[in-house]
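The following exchange examines how certain structural labels are assigned and on what grounds each one rests. Please consult the sequence and the coordinates while reading.

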Amino acid sequence: MKREVFDLLDDYEEERLDLESATPLSARRIRGRTMSMLKRKEERRRAQHHSRLLRGLLVAAAVGALCCVTALAVLSSLRELARADMGISPAAPVPEWSEYETAGREAGETGPRAELTAALCAGERLYAYLEAGPVSADVAAALAENAAEYEWWPSEITLSTCSILLEQMGYDPETRTALVKVSLDSQELEEAEEVGFTLQLRKDSRTEQTYGAVVIPITEGQTIRCEVDVPVVNATADLASNLHPEDIPLLSDYELEARLTRLSIAVGKLEVVLEAPDAAEWLAASGAGQIQGNSRGLPPEIQEGFLRSLYLKSWSAGVNEALEGMTLHLRDGTSVAVEDLPVDGAGGWSAAENKPALMYDGTVRYEFVPSQALDLSTARSVTVGGVEYALPAAEWSGE
């Protein structure tokens with residue numbers, strides 16, 4: 001499976017890398033991303049957020065940490081914990097949210113098993129919650145605390161290319177069952193009918209226990225689409241902020257203009273389309289072609305990918321500035337700023353998994369990914385770039 005080059009090329013995937021391992025992310029990267037998410041979730045629990053667009057609330061001391069008996073007294077099941085984590089109301093869930101019957105574990109049952117309890121599909125993004133057991137209390141505590149030696153692991157993934165992260169979200173000590181959240185991104189989800197993998201528990205990068213195969217059905221989702229017209233500027237300072245100090249003198253004094261032309265809102269993300277000068281024009285104007293990636297320890301053969309990564313990052317600064325203050329207006333008369341929606345990680349708008357044939361020709365998709373489900377039925381309009389745009393009714397995929 002193709003592996004993403006994370007540390008130096010966050011927005012670039014080298015198409016020529018041929019890695020046969022089924023490992024979608026390195027253990028170090030998963031641990032790092034998980035720790036970042038845990039810290040962000042703790043900050044989010046302490047913050048005040050508008051939540052009318054979100055189904056449900058975060059549950060303190062239950063998300064991203066070991067789910068103890070006290071927490072389970074509030075949340076009577078791991079399924080309820082999954083709903084709370086995704087912001088789903090049992091009384092009126094978003095239609096993209098699917099729940100599945102599980103056999104559960106009887107006291108004293110010893111055989112390893114993993115079962116799908118819930119999932120939410122949103123185009124190229126998928127969230128799923130698995131119940132896995134038996135897991136000892138000590139191991140569950142280590143997983144919840146992000147101990148370096150233990151990690152949940154997906155093997156034998158049925159997709160050829162994807163980014164996937166597994167996190168332990170809760171634990172039932174009575175049945176020794178863990179709730180594992182799966183966050184997956186892949187362009188293949190648009191065409192797939194299901195995703196399968198085998199859930200494993202690893203210790204020190206070696207398989208400790210195999211809990212069995214899991215199959216996640218891919219269901220249709222809704223999208224709101226709207227035409228917008230928002231100017232975006234890319235200038236020397238935007239590129240310089242992504243460079244080492246010794247590279248900055250190589251740049252030209254330049255300024256390029258582009259426009260955001262389309263906005264789409266799905267249950268799991270917001271997306272805009274940037275129509276910009278292509279990579280060749282940007283290289284000629286910026287002088288970035290003089291920067292050698294091998295000065296950062298990159299192999300010479302991926303110099304082109306290094307420059308393309310800088311292209312995306314430099315435009316990201318202008319996109320985030322143009323979308324600052326973007327506000328969703330709801331049908332009940334209230335509003336919520338997009339930047340106030342709860343997120344995992346750093347938040348903000350970043351380049352989505354784009355099709356290279358388009359993105360370097362100047363058509364780039366940028367996305368904002370909230371950590372809880374959006375209820376599209378509540379959205380009335382959006383203000384972006386100082387202009388309010390009415391939002392049409394949501395459409396189901398395939399319409």
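The questions and answers below concern a predicted model.

Q: Why is Q372 called buried?
A: A residue counts as buried under 20% relative accessible area. Q372 has 3% relative accessibility, so the label buried applies. Q372 lies in the loop between strand 15 (363-368) and strand 16.

Q: What makes the approach of the Q372 side chain to the backbone oxygen of A84 a polar contact?
A: A polar contact requires a pair of N or O atoms within 3.5 Å, one able to donate a hydrogen and the other to accept it. The side chain of Q372 reaches the backbone oxygen of A84 at 3.2 Å, so the distance satisfies that limit.

Q: Why is helix 3 described as largely enclosed by the rest of the structure?
A: Helix 3 (residues 78-86) has nine residues and eight of them are buried, so the description follows. The buried residues are L78, R79, L81, A82, R83, A84, D85 and M86. Just after helix 3, G87 takes a positive phi of about 75°.

Q: What makes helix 4 mostly covered?
A: In helix 4 (residues 137-144), six of the eight residues are buried. These are V139, A140, A141, A142, L143 and A144. Just after helix 4, N146 has a positive phi of about 60°.

Q: How do you know that the peptide bond between G133 and P134 is cis?
A: The omega angle of the bond joining G133 and P134 is about 0°, and the bond is assigned as cis. Most peptide bonds are trans. P134 is placed in the loop between strand 3 (125-133) and helix 4.

Q: Why is D204 called exposed, and why is S205 called partly exposed?
A: Exposed means over 50% relative accessible area, buried means under 20%, and partly exposed is in between. D204 has a relative accessible area of 53%, so D204 is exposed. S205 has a relative accessible area of 46%, so S205 is partly exposed.

Q: What makes the phi values of D204 and S205 noteworthy?
A: Most residues other than glycine have a negative phi. Phi of D204 is near 50°, a positive value in a residue other than glycine. For S205, also a residue other than glycine, phi is positive and near 70°. D204 is found in the loop between strand 7 (194-203) and strand 8 (206-217), and S205 lies in the loop between strand 7 and strand 8 as well.

Q: How do you know that both faces of strand 4 are covered?
A: In a regular strand the side chains alternate between the two faces of the sheet. On one side of strand 4, Y150, W152 and P154 are buried, and on the other E151, W153 and S155 are buried. Six of the six residues of strand 4 (residues 150-155) are thus listed as buried.

Q: What makes strand 4 and strand 7 a pair?
A: Two strands pair if there are at least two bridges between them. Strand 4 and strand 7 are joined in the antiparallel sense over six bridges, so the criterion is met. The bridge partner of W153 in strand 7 is Q200.

Q: How do you know that strand 9 pairs with strand 18?
A: The requirement is at least two bridges. Strand 9 (residues 222-235) and strand 18 (residues 395-396) share two bridges in the antiparallel sense, so they qualify as a pair. Q222 stands opposite W396 in strand 18. Strand 9 also runs antiparallel to strand 10 (residues 255-266), to which 11 bridges join it; there, N234 stands opposite L256.

Q: Why are strand 13 and strand 17 said to stand at the edges of their sheet?
A: Four strands form an open, antiparallel sheet in the order 13-12-16-17. Strand 13 (335-337) and strand 17 (387-390) each have a single partner strand, so one side of each is left without a neighbour in the sheet. Neighbouring strands of this sheet are turned by 25° against each other on average, direction ignored. Strand 16 (residues 379-384) and strand 17 pair over four bridges, and V382 has Y389 in strand 17 as its bridge partner.

Q: What makes up the lining of the second largest pocket?
A: The lining consists of 31 residues, of which G123, E190, T223, R225 and S397 lie nearest the pocket's centre. By class there are 12 nonpolar, eight polar and 11 charged residues. Strand 9 supplies the largest share, five residues. The volume of the second largest pocket is about 710 Å³.

Technical notes. Residues are numbered from 1 along each chain as its sequence is written. This is a predicted model: local features need pLDDT of at least 70, side-chain atom pairs count only at pLDDT 80 or more; totals for chains, interfaces and linings use all residues. Side-chain values use heavy atoms; hydrogens and water are left out. Axes are lines fitted to C-alpha atoms, for helices over the stretch in contact, and angles run from 0 to 180 degrees between N-to-C directions. Buried means under 20% relative accessible area, exposed over 50%, partly exposed in between (1.4 Å probe, protein chains only). On a 1 Å grid over the protein atoms alone, a cavity is a set of points where a 1.4 Å probe fits but cannot get out, and a pocket is an open set with protein on both sides within 12 Å along at least five of seven lines; lining residues have an atom within 4 Å of a point. Grid points are joined across faces, edges and corners, and a volume is the space filled by probe spheres set on the points. Ala, Val, Leu, Ile, Met, Phe, Trp, Tyr, Cys and Pro count as nonpolar, Asp, Glu, Lys and Arg as charged, and the others, Gly among them, as polar.
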